Amino acid sequence: MTKWKRYLWLGAPLLIILLLYWRESTSPTPAAVEKVEAKHEEEAEAKQEETATFRVDVKGEVSKPGVYVVRPGMRVDDVIREAGGMTEFADPLQVNLAQILQDEMVVLVPSAAEEAAVPGPSASAVGEKLAVNQATAAEMETLPGIGPSKAEAIIQYREENGPFASVDDLVNVPGIGEKTLENMRDSIRAP
């Protein structure tokens, strides 16, 4: 029996070492784990990019007018380049190329032959509410109770804090109170 005990004492550690080696060789290496994690991160980013896109309508003097899918943070200049750029008849001085794009926005590139009084991307029809997220200072000044300084304050707030999620967010703009908002509520829309 002592002979078996001796073999057991010698064989048990060897068996444990073999089991540990086998377990280590079948477990994934750190490099393999990193590859799997990187693949999952890429898939998550791709899904996020898919859901984090929206559409804008590009019209007027561009090579390829139409509806374009864009990502948050893109600017008017970016989508105009995607639309093949402005035509030779375009008036680039009437377009704010630095404006950040928003969902359902209309980017209108007017012709140089058209008068400067052509409505911009924020108001396209008589009686339509003014889109405060796209309106110019001049367009905002047509609202009741809004002069040049309040119009500039609205634009500055919009540029610093992003687009207004609702009309009620205008009370966060310095100089715009509840009364001013109520006076212009029927004339504006956001988003």
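This is a short walk through the structure, from its confidence to its cores and strands.

The model is predicted. Mean pLDDT for the protein chain is 80. Of the residues, 83% score at least 70. Confidence in the chain peaks in helix α3, residues 76–82, with a mean of 93. Helix α2, residues 30–51, has the lowest mean, 69. Watch residues 116–126 as well. Their pLDDT stays under 50. The model still has 16 contacts beyond four places in sequence for this stretch. Where pLDDT is low, the predicted coordinates should not be read in detail.

Now turn to the largest nonpolar core. This core holds 21 residues. L170 and I188 touch the most other members. Three helices, α4 (137–140), α5 (148–161) and α6 (178–184), each supply at least two residues of this core. Helix α5 gives the most, with 5 residues.

What does I188 touch, leaving aside residues up to four places away in sequence? Its partners are K129, L130, V132, L143, V167, L170 and L181. L170, one of these partners, is the other residue that touches the most core members.

Another core lies apart from the largest one and has 17 residues. V58, V62, M74 and M105 are among them.

The strands come next. Strand β1 covers residues 54–60, and 4 bridges join it to β3. The two strands run parallel. Within this pair, V58 stands opposite V107 in β3. V58 is also one of the residues of the 17-residue core.

Which residues form the covered face of β3, residues 106–109? V107 and V109 do. V106 and L108 make up the uncovered face.

Definitions and conventions
Residues are numbered from 1 along each chain as its sequence is written. This is a predicted model: local features need pLDDT of at least 70, side-chain atom pairs count only at pLDDT 80 or more; totals for chains, interfaces and linings use all residues. Side-chain values use heavy atoms; hydrogens and water are left out. A nonpolar core is a set of buried Ala, Val, Leu, Ile, Met, Phe, Trp, Tyr and Cys residues joined through side-chain atoms within 4.5 Å. Buried means under 20% relative accessible area, exposed over 50%, partly exposed in between (1.4 Å probe, protein chains only). Helices (H or I, at least four residues) and strands (E, at least two) are DSSP runs, numbered from the N terminus. Contact means heavy atoms within 4.5 Å. pLDDT is the predictor's confidence in each residue, from 0 to 100. Two strands pair if DSSP finds at least two bridges between them.
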